[in-house]
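Q: I'm new to this structure and would love a close look at one part of it. Could you walk me through it in a friendly way?
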Amino acid sequence: MTTSQVPLVVEGFFRELLGAKKAVRLYPPGNPLATDRLQRLHRSFQGAVKEGLPAVLRVGSGRFEWDGGQLLTRDPTLEAFRFELETRRITEIGIQPGVASWEFRELLESLNLTHDDVEAAGGFQVLLDRRNVTNIVVRGMLWGARDSSGTAGVGPAMARRQQLESLVNAILDALGEEFRDLTYDRVRLSGWFLEVAEPGDRADALFTAIQMLIPMVETEADREIRYRTINECLMALPEPLRISVFSAWLMPAVRTDLQIVNLISRFSGDDFAELTGLIQAHALEALRADIEALPSEEWKKARISESLEDALAEKEVAAAALEPLITDDDPGLLSFREAARAGCAPGRALAHSVNVFFYLIGETESERYPALFVDVLEDMISEALMRDRLPLALRILRLLGQGDQFRPEWLPEHQRRLQLLHRRLAGRSQVTPLADLLRRSENPGDAGDAAEYLRILGRAAIDEFITILGDEEDGRVRGRMLDVLGALGPDAAPALSARVGDSHWSLARSMIALLTRIGDPAALEAVQRVAKHEHPQVRREVARALATLGGKRALKPLLDYLSDPDDDVRLTAIKLLGTLVDAATVASLREFLVTPTRTAADLLVKRDMITALASIGTPEARVVLESIAQRRVWPWRRNELTIRDLASGAVKSMEAPAAAVREV
Amino acid sequence: MSISELPRDQVEQVFAQLNGLLRLASLYPPRHPQIQRASHGFLQSVSDCLQYQSALEYRFLGDLLIAGNRILPRESMMYRRFLEICQAERKIGAIIFYAGVTEEEIEALTELLGSGTGDDVATWAERKGVTHIVLEEPARREEQTSEVMARRAYFGAVEMLRTVESGIIRGEPVTVAQLSSLRVITSAILDQILADPSLVLRLANIKSYDEYTLYHSVNVCVLAIGIGVMLGLPDGDLRELAVAAILHDLGKITIPLEILQKSRPLEESEWAVMRRYPIRGADMLSRLPGFNRIPMIVAFEHQIREDRMGYPSVPTSWELHPFSQVVGVADAYDSMTTLRKHKRPLPALRALAVLRQAGHQAYDLRLVRFLERIIRTTPVGPGGAAPLGAEVPPKIAG
């Protein structure tokens with residue numbers, strides 16, 4: 001590297017430094033853009049050192065200097081930086097080759113502080129020392145620098161100067177604030193542009209105003225918004241003024257002023273298209289050529305150039321007729337609105353998100369079992385029940401059970417977690433929503449789904465469900481819950497059997513009735529255990545269960561019920577005995593029939609016994625009935641007469657099988 | 001240093017102290033030691049801020065707290081009650097502190113905020129001799145909806161997304177608080193658009209190639225709101241759509257910049273990484289318990305085409321959420337009209353033509369027509385210049 005090239009190296013390094021300074025100012029720590037720019041600066045510095053970057057750079061008047069060379073700051077950006085260093089009273093910056101990226105960051109953050117901040121912190125070098133920066137040294141009559149006595153070195157002249165500077169700063173701050181507001185307010189900025197250009201043709205004044213605004217905008221974190229405001233206002237200028245500003249000022253300035261390029265690079269595709277209608281084609285071609293020659297990022301130049309090229313080409317394209325716009329009553333609009341509204345309903349959104357969750361389980365990048373997803377799905381099951389979306393809750397349970405989305409290495413863990421999940425869902429608080437859903441439900445299909453849901457969760461859930469059933473007061477809901485247990489079939493039998501002796505007689509009766517409906521003979525033993533239940537309704541249900549489940553084995557306990565103190569139980573037993581054709585039954589019935597008929601209840605029981613004997617239909621039964629029918633009875637014993645008549649009718653019906661015993 | 005340049009923490013902390021002072025004033029009598037202690041601390045903080053600037057301004061606009069030019073979304077949520085009391089009961093729309101504020105003036109302010117005075121704010125200031133605190137009356141409804149306000153909200157959204165981005169890059173999860181803040185901000189954008197629908201294009205024309213993803217996300221939010229408003233969706237659904245749209249590209253934060261900003265076509269291996277970003281975005285959003293799941297669905301689905309091509313790969317039976325379709329169209333449109341390393345910005349009508357040419361296999365063409373109506377009927381210039389394709393002859397064949 002020759003000494004004549006060192007200024008280029010210095011300039012290149014300063015440009016990187018300025019880029020990084022801006023990034024550090026605009027973006028929070030950790031932002032990739034800021035980090036990226038800092039790393040770029042560090043790399044650039046290392047490259048520049050190899051190419052001869054001087055170790056110490058001095059701030060001179062209109063130039064940067066070093067031993068044996070200088071860089072004149074003709075470029076406005078570099079001059080602005082030099083001026084800034086000068087106003088901060090920095091005369092020298094020394095950077096050691098071993099400097100680290102973070103030291104650059106500390107330097108740039110310090111440079112981004114205000115004079116007052118630097119002053120308050122005790123000066124630049126104190127700031128850098130405090131941040132342990134050892135490879136960068138800043139020298140000069142620095143703000144906040146202290147003299148040897150340790151007191152601020154401020155004499156009367158300096159005090160006056162500081163007062164003046166404070167006043168100027170306050171005025172500049174206020175002015176800056178005013179322009180900050182202006183670049184956020186399209187209407188006011190438009191008005192100001194027109195005012196500046198008064199009487200309407202001062203494009204030069206307007207251009208100067210724009211040149212003043214851009215550097216202010218460029219330092220703001222929200223500069224894109226402010227650039228857009230300026231561009232919108234430019235595009236909205238009255239046509240003659242707009243043409244004049246663009247043709248005579250903005251476009252020629254592209255050759256020398258990077259800030260104007262920054263402004264133009266913010267034009268939208270529509271802005272470019274609109275320009276082609278205003279500016280002569282050769283001027284736009286010239287603009288393209290100027291942009292391509294700029295020392296700017298290649299891709300940016302290329303894209304702006306392409307946009308101009310497109311806009312120029314499209315100027316030639318004939319206008320095609322536009323299609324009519326969609327109207328408010330368009331069926332497409334209405335149908336999409338309905339679909340969108342339906343899609344936002346919580347239940348629908350929930351169902352939709354379940355699909356996404358299962359997809360995410362299969363696609364997660366983590367090596368670990370996706371416990372979090374499973375937890376969320378558990379919550380979704382509860383939510384689905386609360387939102388009356390039982391099929392969805394069931395679907396989640398089934399999909400979790402299938403485990404298709406889980407990787408093979410996760411399956412043991414999944415099984416363990418699934419068991420825990422089932423256990424939690426089988427708890428009272430989790431089964432209650434299912435019962436609540438049935439309370440609200442009018443959907444006949446829910447019983448089957450609820451049964452399937454309980455079947456998946458297993459015995460513990462069924463037990464809880466039965467407990468909730470026991471506490472339920474609403475008959476309609478109890479009916480639905482019983483339907484669910486009935487739909488469970490034999491899977492429910494063990495849980496039902498366990499509750500046949502429940503202290504709630506109605507629950508016990510329901511359990512026995514369900515066992516009868518399910519028809520599992522294994523439940524007989526459990527039913528027999530409660531044959532002497534204190535409540536007659538339960539005993540009657542037991543009688544029915546015995547007859548259905550026990551077959552011939554039910555004879556003995558049914559016969560025992562013939563002496564039950566409750567008439568209904570006895571009646572039920574007799575009716576049921578009639579369905580069990582057995583000689584032993586006949587003998588027992590006969591014994592009862594020959595006893596005196598004292599009460600109306602006795603009469604009813606005996607009527608049913610006669611009916612039962614008729615349905616047994618064996619010769620032994622016929623003999624018994626004939627003996628009753630032929631019995632001699634005193635005329636004032638009306639009950640006995642009725643019995644005799646019934647027996648007589650039964651004998652006749654046995655001769656004619658289709659005939660039935662009539663009511664008394 | 002303007003208030004927008006003051007460290008955010010400092011601005012937030014001062015307001016938190018003011019809120020604390022108000023709460024204490026409701027619990028203790030004036031001049032109680034607790035109040036005096038808090039008042040002293042508050043004065044100290046205000047004075048610290050006023051060393052660097054001439055004024056410290058807090059403005060209340062409906063549900064929004066604005067410090068200087070910046071919306072404070074988190075504080076807007078946290079101090080909602082404060083804002084409500086100030087505007088509805090005390091008739092205060094802004095509190096501005098000037099350098100030189102004294103402890104007596106802070107005490108007077110505390111008394112006013114705590115119990116009111118019955119005076120209008122100007123009389124109160126005169127009676128109490130308060131000169132370094134200026135109170136303004138609440139802005140009228142029409143003043144709360146303005147283009148400046150919309151731009152503030154726009155930038156608030158960018159800043160909030162930047163915070164989320166920084167957190168993700170540091171390996172921190174997205175938090176419910178962050179998303180709630182985004183909800184506040186997107187609601188503010190929505191309110192402005194509802195008041196002035198022409199803001200849709202004006203805001204969506206703000207672009208950035210340095211921070212493409214952040215600005216693009218806000219633009220997609222704005223465009224999606226525009227489509228939602230045209231559809232006549234109810235307010236609640238519009239707010240959900242806005243949040244979902246602004247978060248649609250969350251997963252891109254995890255994609256390396258060298259892939260996102262590559263100016264040449266991506267290699268197959270790079271595409272493989274790129275295709276995962278909807279899954280990553282949905283994954284991040286799925287980890288937020290209790291948060292509405294529509295944003296997760298949209299983050300996951302917005303790159304899936306109508307024919308179920310695109311990415312991530314899903315079965316043909318997969319049903320797209322309507323909001324995913326809306327965001328998908330807004331996403332494609334904004335992407336096409338933005339200058340990027342690998343492509344130039346297209347004019348609006350040209351971008352629409354490209355969307356139409358992609359056909360119903362790619363997009364729901366009803367949505368393209370909705371977007372077209374917004375573009376062709378919205379005045380784009382200041383003072384209501386002609387909409388695209390209206391007075392100006394169209395340059396692009398439809």
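How many bridges join strand β2 of chain A to β3(A), and do the two run parallel or antiparallel?

A: Happy to help! This is a predicted model, where local features need pLDDT of at least 70, side-chain atom pairs count only at pLDDT 80 or more, and totals for chains, interfaces and linings use all residues. Residues are numbered from 1 along each chain as its sequence is written, chains are lettered from A and ligands numbered from 1 in the order in which they are written, and side-chain values use heavy atoms, leaving out hydrogens and water.

Now to your strands: 4 bridges join β2 (residues 63-66) to β3(A), and the two run antiparallel. Strands here are DSSP runs of E, at least two residues, and helices are runs of H or I, at least four, numbered from the N terminus; two strands pair if DSSP finds at least two bridges between them. One of the bridge partners is easy to find: A:R63 is matched with A:L72 in β3(A).

Stepping back, β2 and β3 belong to an open sheet of 5 strands in chain A, ordered β3-β2-β1-β4-β5 with antiparallel pairing. Its edge strands are β3 (69-72) and β5 (136-139), each pairing on one side only. From one strand to the next, the twist averages 20°.

Helix α1 (residues 6-26) of chain A packs on this sheet, touching β1 (56-60), β2, β3 and β4 (92-95); contact means heavy atoms within 4.5 Å. The direction of α1 makes about 55° with that of β3(A). For such angles, axes are lines fitted to C-alpha atoms, for helices over the stretch in contact, and values run from 0 to 180 degrees between N-to-C directions.
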